[in-house]
Structure formats: structure tokens, C-alpha cells
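Open your viewer, load the model and keep the selection box handy. We'll go from stop to stop, picking a few residues each time and saying what is there.

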Amino acid sequence: MTVTVLPITTEQDEEISQIIKRVGAEFGAIGEGFGPADAEVSAMSRYYTLDKRSLYLVATVNGHVVGGCGLAPFNDSDQTCELKKLFLLPQGRGLGLGKMLSEQCLTFAKQQGFTHCYLDTLASMQSAIRLYEKLGFEHLTQPIAGTVHGGCDVWMLKNLS
């Protein structure tokens with residue numbers, strides 16, 4: 001099995017968009033207030049660029065795109081970033097890809113000088129929540145001000161320093 005994790009290319013935009021929407025629907029993340037409805041989903045490579053201090057990584061297994069994960073400033077903050085859109089197709093799960101993608105995003109966050117990383121997700125995404133806990137994210141009792149994902153019911157924050 002050959003696994004690669006690389007920054008998204010424009011050629012992968014449509015495939016990643018479909019994966020985000022498909023996996024989001026699988027877990028009930030449909031419509032406004034959920035990540036798959038964000039405008040950026042249609043062209044991830046345009047939204048996640050180094051000049052915006054952001055990165056979206058795409059995972060492939062044997063040449064097939066199975067998902068991805070991104071990191072971007074939270075509401076243009078200099079200090080807080082957000083781990084975003086970690087979505088994996090069923091054939092990409094259980095291979096350690098979620099951890100690999102998240103860790104690479106968090107390393108990038110530290111390189112960009114962020115001190116905290118926020119995320120929001122759904123209680124139905126239990127394996128993702130367990131991963132985030134193992135990575136050192138702590139549960140919050142409410143979203144941090146400015147979040148656009150009002151449909152999410154789990155909020156977490158990690159100190160990067």
C-alpha cells in the first residue's frame with residue numbers, strides 16, 4: 001500500500017469537494033452551519049495557500065484520493081488557527097491517516113506562529129473526537145466567538161506553545 005500526503009492541487013478540488021460533502025452527509029453535517037456547506041469547499045486549493053498562512057493536505061492510497069485535512073487562521077487571527085475539514089472516505093479510515101494529516105497541519109500551525117488551534121465537530125464523529133483528544137485538544141463548553149459552524153456540537157482547543 002502506498003500512502004501520500006501532499007498539499008492540494010487545483011486538479012483535486014472537485015474530488016475533495018465531493019468527499020467533504022459525501023462524508024459530511026454520512027455524519028449528518030448537511031446544510032448551513034456545517035463545514036461541507038462553506039463556500040471554500042468548491043475550490044479548496046484557492047482558499048488554502050501559504051500567503052494566507054493556510055494549508056490543505058490531501059491523502060491518497062495507491063493513487064486514489066481518500067480525504068484530507070486543513071489548517072487556516074481562525075477569523076484572520078494572528079494567534080489562533082483552526083483545524084478544518086478532516087474528512088476521510090471509509091477506505092481511508094483505520095490507516096492512521098487522520099492522525100498523520102492532523103499532525104502535519106499542527107506542525108505547520110506552529111511554523112506559522114500560531115499559539116492555539118481550535119476545531120468544531122459533531123458528537124457523531126466519535127473516532128475523530130478520540131483522535132483530537134489524543135492530540136491534546138481539550139473540550140470547550142461552547143464555541144469560541146466568531147465560529148460560523150452553528151450546527152456543530154463539539155468544540156475543542158489545543159495550546160500549541
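What follows is a walk through the fold, one selection after another.

A word on the ground rules: this is a predicted model, where local features need pLDDT of at least 70 and side-chain atom pairs count only at pLDDT 80 or more, while totals for chains, interfaces and linings use all residues. Residues are numbered from 1 along each chain as its sequence is written, and side-chain values use heavy atoms, with hydrogens and water left out.

**Stop 1: the annotated span**

Select residues 3–161. UniProt lists them as "domain: N-acetyltransferase", in an unreviewed entry; its positions are given in the numbering used here, feature names are shortened, and annotations may be inferred rather than shown by experiment. The C-alpha atoms at the two ends of 3–161 sit 30 Å apart, and the span is 26% helix and 29% strand. Helices (H or I, at least four residues) and strands (E, at least two) are DSSP runs, numbered from the N terminus.

**Stop 2: helix α4**

Now select 126–134, which is α4. Which of its residues are buried? Colour Ala-128, Ile-129, Leu-131 and Tyr-132: those are buried. Here buried means under 20% relative accessible area, exposed over 50%, and partly exposed in between (1.4 Å probe, protein chains only).

Look down the axis of α4: the buried residues fall within an arc of 160°, so they line one face of the helix. The arc is taken over the directions from the helix axis to the C-beta atoms. As background, an α-helix has 3.6 residues a turn, so residues three or four places apart point the same way. Swing round to the other side of α4 and you find Ser-127 and Lys-134, both exposed.

What covers the buried residues? Add β4 (80–88), α3 (97–111), β5 (116–121), β6 (138–140) and β7 (154–159) to the view; the cover of α4 includes these. Contact means heavy atoms within 4.5 Å. Before leaving, click on Gly-136 just after α4, where phi is positive at about 100°.

**Stop 3: salt bridges around Lys-85**

How many salt bridges does a search of the whole structure find? Five, a salt bridge being a side-chain nitrogen of Lys or Arg within 4 Å of a carboxyl oxygen of Asp or Glu.

Select Lys-85 and Asp-38: they form one of these, with the closest N and O atoms 2.7 Å apart. This pair links distant parts of the chain, as Lys-85 is in strand β4 and Asp-38 in the loop between α1 (13–26) and α2, 47 residues apart. Next add Glu-40, whose side chain meets Lys-85 in a salt bridge at 2.9 Å, N to O. Glu-40 is in the loop between α1 and α2, 45 residues from Lys-85 in sequence.

Buried or exposed, where does Lys-85 fall? Lys-85 is buried, with a relative accessible area of 8%. Asp-38 counts as buried too, at 18%, and Glu-40 is also buried. Bring in Lys-84 to complete the view: Asp-38, Glu-40, Lys-84 and Lys-85 are linked in a network of salt bridges.

**Stop 4: Arg-53 and its partner**

Go to Arg-53, in the loop between α2 (44–47) and β2 (55–61). Its phi is near 55°, a positive value in a residue other than glycine. Most residues other than glycine have a negative phi.

Arg-53 forms a salt bridge with Asp-78, the closest N and O atoms being 3.7 Å apart. Asp-78 lies in the loop between β3 and β4, so the pair ties together parts that are 25 residues apart in sequence. Asp-78 is exposed, at 54% relative accessible area.

**Stop 5: Asn-75**

Stay in the loop between β3 (64–73) and β4 and pick Asn-75. Here phi is near 50°, again positive in a residue other than glycine. Asn-75 counts as partly exposed, at 48% relative accessibility. Leaving out residues up to four places away in sequence, Asn-75 touches Ala-145, Gly-146 and Thr-147. Measure to Val-148 as well: 73 residues away along the chain, with 9.6 Å between the C-alpha atoms.

**Stop 6: a nonpolar patch**

Last, switch on the surface and select Met-1, Val-3, Leu-95 and Met-100, which make a nonpolar surface patch of about 350 Å². Patches are made of residues with over 30% relative accessible area and no salt bridge, with like charges joined within 9 Å and nonpolar side chains (Val, Leu, Ile, Met, Phe, Trp, Tyr) within 5 Å. Accessible areas come from the Shrake-Rupley method with a 1.4 Å probe; for residues, only the protein chains shown count as cover.

Zoom in on Leu-95, in the loop between β4 and α3. Leu-95 is partly exposed, with a relative accessible area of 35%. Leu-95 touches Met-1 and Val-61, not counting residues up to four places away in sequence. Leu-95 and Val-3 are 92 residues apart in sequence and 9.4 Å apart in space, C-alpha to C-alpha.
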